[in-house]
Amino acid sequence: MANPHFHSPFHFLSFIVLCLVLVQFCTVSSVVLVGLRNHQNHPHHRRPMLSANQSSCALFMGTWVRDDSYPVYQSSCPMIDPEFNCQMYGRPDTDYLKYRWKPANCEIPRFNGLDFAMKMRGKTVMFVGDSLGRNQFQSLVCMISAGIRVGSPTQIFRGEPLSTVKFLEYGVTVSYYKARYLVDIDIIQGKRVLKLDDIRGNANNWRGVDVLSFNTGHWWSHKGSLQEWDYMESEGRFYQDMDPLLALEKGLRTWGRWVDSNIDTTVTKVFFQSISPTHYDPSEWNAGSLTTSKSCYGETTPMIGGGTAHPGTYSDQMKVLETVIRDMNNPPYLLDITLLSEMRKDAHPSIYSGDLTPGQRANPDHSADCSHWCLPGLPDTWNQLFYIVLFFLH
């Protein structure tokens, strides 16, 4: 029996053409909607997000390019500690805020705070490590806050060793857990003992987290009054001193065993941030020129071209880190920010830190902070790459 809705071949043909048009329209509309959601009408977002072969995108090799649409947020973000808030404490230049990381062989999306909050709905992110982890934690909180609606409720808890920010509208929790060496420090007979074989005291606080990002490095090379321990303990023996690279390896292997034994990487995504460089030696970027300076004070532009190897102490620390990660059963994703950060001699607080007195600011060679990073600033790029790996590559 003929279909009563088609009274002639012409009507049937017209129906088929209409269906094809509708299918094409819906497909194009879907693409447009996805494009709008991911690109947000920003000029840099009209390009492809990543190269066609995502595995070939060398995220951590590239150059810094000027981009006046930066920074993502302002120094008024309430999460920024005084020691990182360079604009608040008198830094006169702003060019260091206007650089965007451009990988050599692919285009990448800007960080999208609303997208991050929606994709992480009901989940937790925790940064674990030293103050460079706190630098990144505060950056991420400010970046998310800048992307969600004004007035969206947040709950902030600043503590020791744990600080937490909850974005209540999305159920997203971002935390920082202070553990400079990752492994435990215990008090034994009034002495601080760095327990190279034990991490349980700290690690009990890392369970049940959806995304963990670890870092350590700088504190392993500190000596004298700067070190946080009186003795190290390894395999039941106590040491007043130990080669810092050997101690780092022992501590990292303890951390690695804990991750392998306690973290289900199908449920929890694990990152390790590579060593963040310092800029106390101008000869590293002023080859051939004479200088008596011993700090990054007065630096206002990135290095051109950047380095090809991890500098000094951090080269050796990176070798240890890479060896430990290679030997793990469930290795973390290495967020290798060392080289791109090495180029940013201009991005440290220098003397523009709320932790310094006027007298200290008058003596940059002894007081300038060339270890941490201004916020807004370089850690925002670390989080942009963290965001890309987490949602587009991981």
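## The four-stranded sheet

Lys195 stands opposite Glu233 in β10. This pair is a handy way into the predicted model, as Lys195 and Glu233 face each other across two strands. Strand β8 (residues 191–195) and strand β10 (residues 231–234) run parallel and are joined over three bridges. On to the next strand: Glu233 also stands opposite Phe238 in β11, where β10 and β11 pair in the antiparallel sense, again over three bridges. The link between β10 and β11 is a hairpin with two residues between the strands. If you check backbone angles, look at Glu235 in that turn, which has a positive phi of about 55 degrees.

Taken together, these strands belong to an open sheet of four, in the order β7-β8-β10-β11, with mixed pairing. β7 (185–188) and β11 (237–239) each have a single partner strand, so one side of each is left without a neighbour in the sheet. From one strand to the next, the twist averages 35 degrees. As general background, strands of a sheet pair through backbone hydrogen bonds, either parallel or antiparallel.

## The seven-stranded sheet

There is also an open sheet of seven strands, again with mixed pairing, and its order is β4-β5-β6-β3-β9-β12-β13. Here the edges are β4 and β13 (333–335); each has a single partner strand, so one side of each is left without a neighbour in the sheet. On average, and with direction ignored, neighbouring strands of this sheet are turned by 15 degrees against each other.

Within this sheet, strand β3 (residues 124–129) and β6 pair in the parallel sense over six bridges. Thr124 stands opposite Thr173 in β6. Helix α3 packs on the sheet and touches β3, β5, β6, β9 (211–214), β12 (269–273) and β13. The direction of α3 makes about 165 degrees with that of β6.

## The largest pocket

Which residues lie nearest the centre of the largest pocket? They are Ser131, Trp219, His222, Ser371 and His372, out of a lining of 40 residues. The volume of this pocket is about 950 Å³. By class, its lining holds twelve nonpolar, 17 polar and eleven charged residues.

Several elements take part. α3 (131–147), β6 (172–178), α6 (312–326) and α9 (364–367) each supply at least two residues of the lining. α3 gives the most, with five residues, and this is the helix that packs on the seven-stranded sheet.

## The second largest pocket

The second largest pocket has a volume of about 290 Å³. It is lined by 19 residues, and the closest to its centre are Cys77, Pro78, Val141, Ser145 and Ala146. The lining counts twelve nonpolar, six polar and one charged residues.

α3 turns up here as well: with four residues it gives the most to the lining of the second largest pocket. Along with α3, β4 (154–157) and β5 (162–167) each supply at least two residues.

## Cavities

How many cavities of 30 Å³ or more does the structure hold? There are five. The largest cavity encloses about 90 Å³ of space. Its lining residues include Trp64, Tyr70, Pro71, Tyr96, Leu97, Tyr99 and Arg344, and helix α10 (residues 378–393) gives the most, with three residues. By class, eight nonpolar, two polar and two charged residues line the largest cavity.

The second largest cavity contains about 50 Å³ of space. Asp130, Leu132, Asn215, Thr216, Gly217, His218, Gln273, Ser274, Ile275 and Ser276 form its lining. Its make-up is two nonpolar, seven polar and one charged residues.

## Confidence in the model

The mean pLDDT of the chain is 87, and 82% of its residues reach 70 or more. Residues 1–49 are a stretch to watch, with pLDDT below 50. Beyond near neighbours in sequence, this stretch has 28 contacts in the model. Where pLDDT is low, the predicted coordinates should not be read in detail.

Methods. Residues numbered from 1 in each chain as written. Predicted model: local features only at pLDDT ≥ 70, side-chain atom pairs only at ≥ 80, totals over all residues. Heavy atoms only, no water. pLDDT = per-residue confidence, 0-100. Contact = heavy atoms within 4.5 Å. 1 Å grid on protein atoms, 1.4 Å probe; cavity = no way out; pocket = protein on both sides within 12 Å on 5 of 7 lines; lining within 4 Å. Points joined across faces, edges and corners; volume = space filled by probe spheres on them. Nonpolar A, V, L, I, M, F, W, Y, C, P; charged D, E, K, R; others polar. Pairing = 2+ DSSP bridges. Axes fitted to C-alpha atoms, helices over the stretch in contact; angles between N-to-C directions.
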